[in-house]
Amino acid sequence: MKVYDAATIRNVAIVGHSGSGKTQLASAILSDSGMVNRFGKVDEGTTVTDYDEEEIARKHTLSASLAYAEWNKTKINLIDTPGVGNFLSDARAALHVADAAAVVVDAVSGPMVQTEKVWEAAEELGLPRLVVLNRLDRERASLSRSLDALRVVCNRTVIPIQLPIGEEKAFKGVVDLVTKKAFIFQSDGSGKFSEGDIPETMTGSVAAAREALIEMVAEADEKLMEKFFEAGTLTDEELVGGLRSATSGAKIFPLVCTSATLNIGVPQLLDAILAYLPSPAERPLKGVDKSGAEVARAADEKAPASAFVWKTIADPFAGRITMFRVVAGTFKADSTVHNRTREVPERLGHLVLLQGKTQTTVPELKAGDLGSVAKLKDTLTNDTIGDKSDQTTFPPIKFPEPVLSYAIEPKTRGDEDKISTSMHRLEEEDPSIRYSRDPQTKELLLSGQGQLHIEVTVAKLKRRFGVDVLLKPPRIPYRETIKGSTEAHGRHKKQTGGHGQFGDCKIKVEPLARGSDFEFVDDIFGGSIPRQFVPAVEKGIQDARTRGYLAGYPMVDFRVTVFDGSYHDVDSNELSFKLAGSLAFKDAMTRARPTILEPIMNVEVYAPSDFAGDLMGDLNSRRGRIGGMDTRGITTIIKAQVPMSEMLTYEQHLTSATGGRGSYHMEYSHYDEVPAHLQTKIIAAAKAERAGVEVEEV
Ligand SMILES: Nc1nc2c(ncn2[C@@H]2O[C@H](COP(=O)(O)OP(=O)(O)OP(=O)(O)O)[C@@H](O)[C@H]2O)c(=O)[nH]1
Ligand SMILES: [Mg+2]
């Protein structure tokens, strides 16, 4: 494989809602550019970018993967990303290292909830975007309806640069509005096409669409606007130049038309990527220098080397595979680099390009390219590696906090250690999961973005690391807090015979604002509790609060002030004051009006408008608070806040209620008090669960 310089590279993240055809599109691109001999199909499990067994079995991309195509002497790096909500963090990570996004949209459903999410993520990064309107061969596919919705959901400046020839089953090619050429494709999926004149029936619509495109391009640039007013139109040259700079500047979002399964429109998409999207040479990346000042790093291959790690794969055989973008300089195989984030040296072995899972070694990688390396020792996702003289680091990708936890249990006794080491490897690969141990029940907890995310993680654990675990029902991370203030007293005394124990403290407890967690204030004057024992009081209270009071959930959002106490010269020790602290906490809880908090989620539901009434009724019955409703074309968007405990079965409900045409996105919002009648149930359940599990000490 050739080594490319920045000007002959394009880095494109393929993003969009699940099922819009991203993976199939990547497959068509690889086939049309001659990178593979066989046109892989998602439905047959033969695509390059969905190579993982889990992806093949589920027919969904679950992890971002890399591929590259050579087109007109330019290397197009593609990152195929997941569209399923649970896995969207990988799409966000990909956008961080891409210079542009291809936002794939299903021409039947139009933009959906994850389309909007990835659009927002690209917007935050200021990324240029092409909209790929795919699945135009399907029944009820529509450019005009999709465009109406896209203009509301995404941006007013989404503008077709092509029109489809033929509708639904008869979709057979595209008209390029810039060159006014028509491309008619063979129906065998070979991607072969013939060039011809615009079909007569389309001359009117093509002229109108071209006019709209010219106006939009003129509007994006003052000089062009003047020319447009003078001449009433733009020359072809002005149109191409204007479209390129407006697209690169993320002012205009050109739309192209495809069918990824029939392989229609794909070569024209590649032409558009080359013509209108920027190369890395045109997009310096923002980093920070040693002093924390922002710096822009241009893709200069002669500069000191610097690369950003955006993804890590935990392979039990090949070890860690580290995927990075060379931001500046040149990386050479078999060399030593410096990890700037951790300040440790790293030895690079083979540098590889990934075509799905297939690795090709290259002697070097230049600025602007995406590459990988195996078996790095200390480097993880979000690190910066490079020349030791280079002080730049790049801002980390923010991964979402887990929203749901399941208890897991090894199927084979004694597998705990194996679970722990394997889970740490998987955490390196996927920073949106968390593995921990429940302080109350001592159960192993696996936390992630949703049920599917957890199931996939458990499947990976089994397949890659040979550890089989049992998934228990999801747990809601309830919290406890107090609503009242009170003073309380705790005294631990054991002075019968031998060396005694004596600890005694008085505390005040008071509620704090939501999200403040816990504060401890030492307000002891005059030595009523000797200095060295105050931390023991705090420790006793800390231990007690993590065990909760009502139902065993950690108590948060309150302050404890220790203001008095007494001690015994001989019998007082740390343990006694710890126990006194714990007793004072329990005493306080009898009067501080403890209550249970539950996590509330921000939920956005997208569905065809006919379903809006039913879906709102359902959200209400889930104790949801509807925050707003919006109609965008044929789609209604409902925003609501719903307790997490009511959302566990939502996925199944939405699918069956809308025949699979609805989608939703959910993320953690805040904690709120659980209604009293439900608290009773939670307390009873906690009691039942604990009976026989653990008897509290003290
Ligand atoms: N009729 C038709 N089907 C398509 C087209 N593109 C993709 N499909 C089918 O749609 C389904 C989903 O395609 P994928 O490429 O896996 O979609 P994706 O966007 O990668 O989905 P995720 O990986 O879940 O985000 C598969 O069954 C494809 O065969 C198309 O242009 N026309
Ligand atoms: Mg996919």
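Visitor: Which elements do the buried residues of H15 pack against?

Guide: In this predicted model, the buried residues of H15 pack against strand S33 (594-608), helix H14 (612-621) and strand S36 (663-673).

Visitor: Which residues of helix H15 are buried, and where do they sit around the axis?

Guide: Within helix H15, which spans residues 650-658, Tyr650, Leu654 and Thr658 are buried. They cover an arc of only 40° around the axis, and therefore they lie on the same side of H15. Just after H15 comes Gly659, whose phi is positive, near 60°.

Visitor: How should I read a nonpolar core, and which residues have the most contacts inside the largest one?

Guide: A nonpolar core is a set of buried residues of certain kinds, joined through side-chain atoms within 4.5 Å. The largest here has 109 residues, and those with the most contacts inside it are Val158, Leu213, Leu255, Ile273 and Trp310. If neighbours within four places in sequence are left aside, Leu213 is in contact with Ile159, Pro160, Ile161, Leu177, Val178, Leu239 and Leu243. A second core, separate from that one, has 44 residues, among them Val403, Ile454, Tyr478 and Ala640.

Visitor: Which protein donors does the magnesium ion (ligand 2) have?

Guide: Its protein donors are Thr23, through OG1, and Thr61, also through OG1, lying 2.0 Å from the ion. Because Thr23 belongs to helix H1 (residues 22-32) while Thr61 lies in the loop between helix H2 (53-58) and strand S2 (65-71), the pair ties together parts that are 38 residues apart in sequence.

Visitor: Are Thr23 and Thr61 buried or exposed?

Guide: Both Thr23 and Thr61 are buried.

Definitions and conventions
Residues numbered from 1 in each chain as written. Chains lettered and ligands numbered in written order. Predicted model: local features only at pLDDT ≥ 70, side-chain atom pairs only at ≥ 80, totals over all residues. Heavy atoms only, no water. Donors = N, O, S within 2.8 Å, 3.2 Å for Na, K, Ca; no water. Helix = DSSP H or I, 4+ residues; strand = E, 2+ residues; numbered from the N terminus. Buried < 20%, exposed > 50% of the residue type's maximum accessible area, 1.4 Å probe, protein only. Contact = heavy atoms within 4.5 Å. Arc of directions from axis to C-beta.
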